[in-house]
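The following paragraphs go through a predicted model. They take up two sheets, the helices that accompany them, and a pocket.

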Amino acid sequence: VIVPCYNVEKYIECCLDSLIDQTLPEIEIICIDDKSTDGTSEIIKKYMKTDNRVHLIEQPVNTGAAVARNAGIAAARGMYIGFVDADDYLDTNFYEKMYETALSSGADIIKSNAKITESDGTKRFDDMQMKRIQQHGKWYFLYQWWTGLFRADMIRHHKIQFPTEITCGQD
């Protein structure tokens, strides 16, 4: 699971807790600190001391989330790659369900819906992903990288990278 991080000390603990608590224990958590100026890196290092699944890549300069995600892809060792933003958190069985579906179906890409928590605390279920697939077919899923698992070999074989020239809204 690749987590690009930049000045997210307010959110990263919740994100990491949700990843560490996954019911699928065989996950690798790769945090890429994009030259944060707050305590983000120190918080990640604290997690690394207690859980060997947490890894940290420290970028020498701030280059953006796309470059950070690409560094995570290069470092990932698992069969599937997931992407989570540092202000996201997941249901504890998210990756187990996704992984089991990927294995049983042999799919290269597994997508899901999302629960959205607004800044005021209200929650809503975002099912646009499945509606779009039902309406247009399985290749018309939404861009949200954080709602999926992607076979690592497929990403590497096709040299899939996040476009580094996009600096805003790169999902």
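Start with the open sheet that 3 strands form in the order 1-2-3, with parallel pairing. At its edges stand strand 1 (2-5) and strand 3; each has a single partner strand, so one side of each lacks a neighbour in the sheet. Between neighbouring strands of this sheet the turn is 20° on average, with direction ignored.

How many bridges join strand 2 to strand 3? There are 5 between strand 2 (residues 29-33) and strand 3 (residues 54-58), and the two strands run parallel. Two opposed pairs of residues help to place the register. Ile29 of strand 2 stands opposite Val54 in strand 3, and Cys31 stands opposite Leu56 in strand 3. In general, side chains along a regular strand alternate between the two faces of the sheet.

The connection between these two strands passes through a helix. Strand 2, helix 2 (residues 40-50) and strand 3 together make a β-α-β unit, and the unit is right-handed. Helix 3 (residues 65-75) then lies across strand 1, strand 2 and strand 3, and its direction is at about 145° to strand 1.

Further along the chain is another sheet. Here 3 strands form an open sheet in the order 4-8-5, and the pairing is antiparallel. The edge positions belong to strand 4 and strand 5 (109-111), each with a single partner strand, so one side of each is left without a neighbour in the sheet. From one strand to the next the twist averages 20°.

Within this antiparallel sheet, strand 4 pairs with strand 8 (residues 148-151) over 3 bridges. Which residue of strand 8 stands opposite Ile81? The residue is Phe150. Helix 4 packs on the sheet and touches strand 4, strand 5 and strand 8, with its direction making about 140° with that of strand 5.

Strand 4 and helix 4 also take part in the second largest pocket. This pocket holds about 300 Å³ of space. Its lining consists of 17 residues, and those nearest its centre are Glu26, Ile27, Glu28, Gly78 and Tyr80. Strand 4 (80-82) and helix 4 (94-105) are the elements that give two or more residues to the lining. The largest share, 3 residues, comes from strand 4. What is the make-up of the lining in nonpolar, polar and charged residues? The lining divides into 12 nonpolar, 2 polar and 3 charged residues. Strand 4 thus appears in two settings: it stands at an edge of the antiparallel sheet, and it contributes to the lining of the second largest pocket.

Technical notes. Residues numbered from 1 in each chain as written. Predicted model: local features only at pLDDT ≥ 70, side-chain atom pairs only at ≥ 80, totals over all residues. Heavy atoms only, no water. Pairing = 2+ DSSP bridges. Helix = DSSP H or I, 4+ residues; strand = E, 2+ residues; numbered from the N terminus. Right-handed = clockwise from strand over helix to strand, strands pointing away. Axes fitted to C-alpha atoms, helices over the stretch in contact; angles between N-to-C directions. Contact = heavy atoms within 4.5 Å. 1 Å grid on protein atoms, 1.4 Å probe; cavity = no way out; pocket = protein on both sides within 12 Å on 5 of 7 lines; lining within 4 Å. Points joined across faces, edges and corners; volume = space filled by probe spheres on them. Nonpolar A, V, L, I, M, F, W, Y, C, P; charged D, E, K, R; others polar.
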